[in-house]
Amino acid sequence: MIKIAVCGAAGRMGGRIIAAIKETDGVELSGALDRPGHPMVGQDAGFNAGLGAIGVPISDDLNEVVKGCDVLIDFTTPKVSLKNLEVCAINKKSIVIGSTGFTPEERVLAAELAKEIPVVIAPNMSVGVNVCFKVLADVAKILGEDFDVEIVEAHHKMKKDSPSGTAVRMGEVVANALGRDYNKVANYHREGICGERTHEEIGMQTIRGGDIVGEHTVYFIGMGERVEITHRAHTRDMFSRGSVRAAKWVVNAKPGVWDMQDVLGLR
Ligand SMILES: NC(=O)C1=CN([C@@H]2O[C@H](COP(=O)(O)OP(=O)(O)OC[C@H]3O[C@@H](n4cnc5c(N)ncnc54)[C@H](O)[C@@H]3O)[C@@H](O)[C@H]2O)C=CC1
Ligand SMILES: O=C(O)C1=N[C@H](C(=O)O)C[C@H](O)C1
């Protein structure tokens with residue numbers, strides 16, 4: 001039985017991940033963690049998952065929770081995830097990180113900390129989005145230089161980072177396929193007399209409102225036609241099931257940073 005602990009247990013994803021652990025064979029919830037001072041610390045973790053009491057309280061003691069698990073699933077913020085990664089490395093435990101909004105410098109730090117333990121970091125744990133990542137590279141290569149690329153993402157009004165981690169990864173996949181440097185060609189701002197679109201740029205637009213779970217469209221826009229590749233999430237459950245699948249996979253992986261393409265065998 002693989003012992004999984006969940007960090008961010010009082011959050012939107014934390015509750016769904018605890019529900020996914022409960023429905024999955026071969027795994028058990030060994031601990032649940034949230035930030036010191038959160039009103040749900042001390043409460044049973046099953047309540048946020050809609051399960052009733054399951055006998056695992058939400059703790060705020062990171063070291064104790066990590067020591068009691070084989071793998072930590074963490075959906076919080078980049079800064080919290082980096083701290084969790086450090087504590088997992090000290091204790092030789094695996095970790096699955098779903099948090100988004102990492103800066104390039106934070107990504108380098110994560111890779112450094114992952115030298116001793118296996119780590120899955122993925123901005124989107126759904127099968128559908130990961131198939132989109134794979135297909136997008138092919139579509140970009142086939143359509144080539146005659147098509148302009150624009151990305152639009154929509155999420156709920158509580159989301160803190162923009163653009164979404166998934167939209168950034170989609171931009172990186174397309175930029176790599178076209179031989180461009182994403183950090184140089186991503187355009188997050190158009191306002192006023194900002195001039196004509198450059199050929200290489202990848203425009204990124206963000207919509208925030210209500211309870212949208214997550215929607216991403218990549219537009220390949222030519223003269224006279226366009227191709228749109230869209231993924232729409234209906235619930236958070238495929239993210240949470242994906243994270244549990246990643247947890248089962250990562251405990252047998254070699255040290256280093258992996259992502260859902262590795263977990264799903266899509267490389
Ligand atoms: N990779 C994927 O498939 C997905 C990634 N996400 C990402 O997951 C992250 C969390 O999303 P939500 O659950 O919607 O957010 P949320 O705000 O509902 O949950 C985050 C939880 O982390 C807790 N937290 C904050 N600081 C902490 C600390 N120091 N120690 C322990 N817990 C702490 C908060 O109290 C909160 O309960 C975001 O970065 C989001 O973009 C969300 C959905 C899918
Ligand atoms: O914050 C969310 O909700 C989501 N975040 C992820 C992202 O930033 O890509 C994945 C998903 O779209 C939901």
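At what angle do α3 and α4 pack, and how far apart are their axes? Hi everyone, let's take that one together, and please keep in mind that we are looking at a predicted model. The packing angle between α3 and α4 is about 15°, and their axes lie 10 Å apart. Angles under 35 degrees count as roughly parallel, so α3 and α4 are roughly parallel to each other. Their crossing is left-handed.

Who is touching whom here? On the α3 side we have P78, K79, L82, L85, E86 and A89, and they meet E106, L109, A110 and L113 of α4. Sorted by class, the residues of this contact come out as seven nonpolar and three charged, with no polar ones.

Now, a little more on α3 itself. This helix covers residues 78–91, which makes 14 residues. At 1.5 Å a residue we should expect a span of 20 Å, and the end C-alpha atoms are indeed 20 Å apart, so the two agree. If you'd like to colour the buried positions, pick P78, S81, L82, N84, L85, V87, C88 and A89. And α4 is not the whole story: the buried residues of α3 pack against β1 (2–7), α2 (62–67), β4 (71–74), β5 (94–97) and β6 (118–121), as well as α4 (104–113). Right after the helix comes K92, and here is something for the Ramachandran fans: its phi is positive, near 55°.

Let's move along the chain to α8, residues 237–250. This helix has 14 residues, and from first C-alpha to last it reaches 20 Å, close to the 20 Å expected at 1.5 Å a residue. Which of its residues are buried? They are F239, S240, G242, S243, V244, A246, A247 and V250.

The partner I want to show you for α8 is α1, residues 12–23. These two pack at an angle of about 60°, with their axes 8 Å apart. That angle makes α1 oblique to α8. The crossing of this pair is right-handed. From α1, the contact uses M13, R16, I17, A20, I21 and E23, while α8 brings D237, F239, S240, R241, S243 and V244. By class, that gives six nonpolar, two polar and four charged residues.

So, to put the two pairs next to each other: α3 with α4 is roughly parallel and crosses left-handed, whereas α1 with α8 is oblique and crosses right-handed. Thanks for listening, and I'm happy to take questions!

Technical notes: Residues are numbered from 1 along each chain as its sequence is written. Chains are lettered from A and ligands numbered from 1 in the order in which they are written. This is a predicted model: local features need pLDDT of at least 70, side-chain atom pairs count only at pLDDT 80 or more; totals for chains, interfaces and linings use all residues. Side-chain values use heavy atoms; hydrogens and water are left out. Helices (H or I, at least four residues) and strands (E, at least two) are DSSP runs, numbered from the N terminus. The expected span of a helix is 1.5 Å times one less than its number of residues. Buried means under 20% relative accessible area, exposed over 50%, partly exposed in between (1.4 Å probe, protein chains only). Contact means heavy atoms within 4.5 Å. Axes are lines fitted to C-alpha atoms, for helices over the stretch in contact, and angles run from 0 to 180 degrees between N-to-C directions. Angles under 35 degrees count as roughly parallel, over 145 as roughly antiparallel, 65 to 115 as roughly perpendicular and the rest as oblique. A crossing is left-handed if the near helix is turned anticlockwise from the far one by less than a right angle, and right-handed if clockwise. Ala, Val, Leu, Ile, Met, Phe, Trp, Tyr, Cys and Pro count as nonpolar, Asp, Glu, Lys and Arg as charged, and the others, Gly among them, as polar.
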